[in-house]
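Student: I've got a model open and I'd like to learn how to read it. Can you walk me through it?

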Amino acid sequence: MKIIAILAHPDLKASRANRALCQELQRSGVLLHDLYGAYPDWKIDVEQEQKLLLEHDRIILQFPLYWYSSPPLLKKWFDDVLEYGWAYGTGGDKLKGKAFMVATTTGGSDKEYRSGGFNRYTLSELLRPIERTLTRCEAEFLPPFVTYNTTKATDAELLQDARRYAEIVRMPLELLIS
Ligand SMILES: Cc1cc2nc3c(=O)[nH]c(=O)nc-3n(C[C@H](O)[C@H](O)[C@H](O)COP(=O)(O)O)c2cc1C
């Protein structure tokens with residue numbers, strides 16, 4: 001199974017959580033594609049991005065949660081790359097059967113992301129626009145991997161979570177969706 005992680009972090013130099021996640025992923029041999037690093041001018045090479053998607057079976061979309069959503073370059077990536085006739089619509093079946101997983105990091109704690117909690121909704125609920133975008137393209141949407149509470153987490157806790165992440169991204173589909 002070929003896995004790629006598409007990272008959207010506007011300020012990777014200042015990152016603790018996503019940097020730890022990336023390091024463990026790369027250590028385990030997963031290809032990391034840094035969108036903000038690749039496109040400082042935001043001019044996304046659509047052909048190249050589509051080629052990368054075609055070459056991989058499992059695609060991880062990794063980003064810090066910004067205002068309950070992804071940083072804006074990932075939204076632009078969806079708008080540019082998932083073209084009519086390629087990802088959806090007539091003849092648009094290139095993502096059919098591919099498995100996508102969101103991996104996100106939050107400042108808020110897990111207790112805040114639930115009904116009745118400070119943020120009212122779970123991450124799975126907040127990620128529905130991405131889920132529906134991908135299921136609209138007939139791709140599989142795997143349960144998200146979430147690292148909560150990043151502001152308070154120690155380096156050791158982030159490393160532990162990152163190791164768990166590197167294992168989870170490789171798990172067989174049956175274990176992830178059961
Ligand atoms: C512009 C901005 C918006 C943010 N919005 C949220 C949010 O909606 N919910 C949340 O829990 N954390 C939010 N945060 C905190 C980030 O998610 C957190 O700092 C990040 O996940 C830490 O990862 P990093 O160490 O890789 O940067 C926000 C941070 C910034 C800069």
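Tutor: We'll go through the ligand site, then a ring pair, then a contact across the sequence. This is a predicted model, so local features need pLDDT of at least 70, side-chain atom pairs count only at pLDDT 80 or more, and totals for chains, interfaces and linings use all residues. Residues are numbered from 1 along each chain as its sequence is written, and side-chain values use heavy atoms, with hydrogens and water left out.

Student: Which residues come nearest to the ligand?

Tutor: A residue is near a molecule if one of its heavy atoms lies within 4 Å of it. Here 16 residues surround the ligand, and Ser15, Asn18, Leu65, Thr105 and Tyr113 come nearest.

Student: Where are the polar contacts to ligand oxygen atoms?

Tutor: A polar contact is a pair of N or O atoms within 3.5 Å. The side chain of Tyr113 has an N or O atom 2.6 Å from a ligand oxygen. For Asn18, a polar side-chain atom is 2.8 Å from an oxygen atom of the ligand, while Tyr68 uses a backbone N or O atom at 2.9 Å. As for cover, the protein takes up 71% of the 640 Å² of accessible area that the ligand has on its own (Shrake-Rupley method, 1.4 Å probe).

Student: Is Asn18 buried or exposed?

Tutor: Buried means under 20% relative accessible area, exposed means over 50%, and partly exposed is in between (1.4 Å probe, protein chains only). Asn18 has 1%, so the residue is buried. You'll find Asn18 in helix 1 (residues 17-27); helices are DSSP runs of H or I with at least four residues, and strands are E runs of at least two, numbered from the N terminus. Contact means heavy atoms within 4.5 Å, and, not counting residues up to four places away in sequence, Asn18 touches Leu7, His9, Gln62, Phe63, Pro64 and Thr105.

Student: How many aromatic pairs are there?

Tutor: Rings of Phe, Tyr and Trp (its six-membered ring) pair if their centres lie within 6.5 Å; planes under 30 degrees apart are stacked, over 60 edge-to-face, and the rest tilted. That rule gives six aromatic pairs. Take Tyr84 and Tyr88: their ring centres are 5.4 Å apart and their planes at 85°, so this pair is edge-to-face. Tyr84 is exposed at 54% relative accessibility, whereas Tyr88 is partly exposed at 27%.

Student: What is Ser28 in contact with?

Tutor: Leaving aside neighbours within four places in sequence, Ser28 contacts Ala166 and Arg170. Ser28 and Ala166 are 138 residues apart in sequence, yet 6.6 Å apart in space, C-alpha to C-alpha. Ser28 sits in the loop between helix 1 and strand 2 (31-34).

Note on methods:
Polar contact = N/O pair within 3.5 Å; in protein donor to acceptor, adjacent residues only side chain to side chain.
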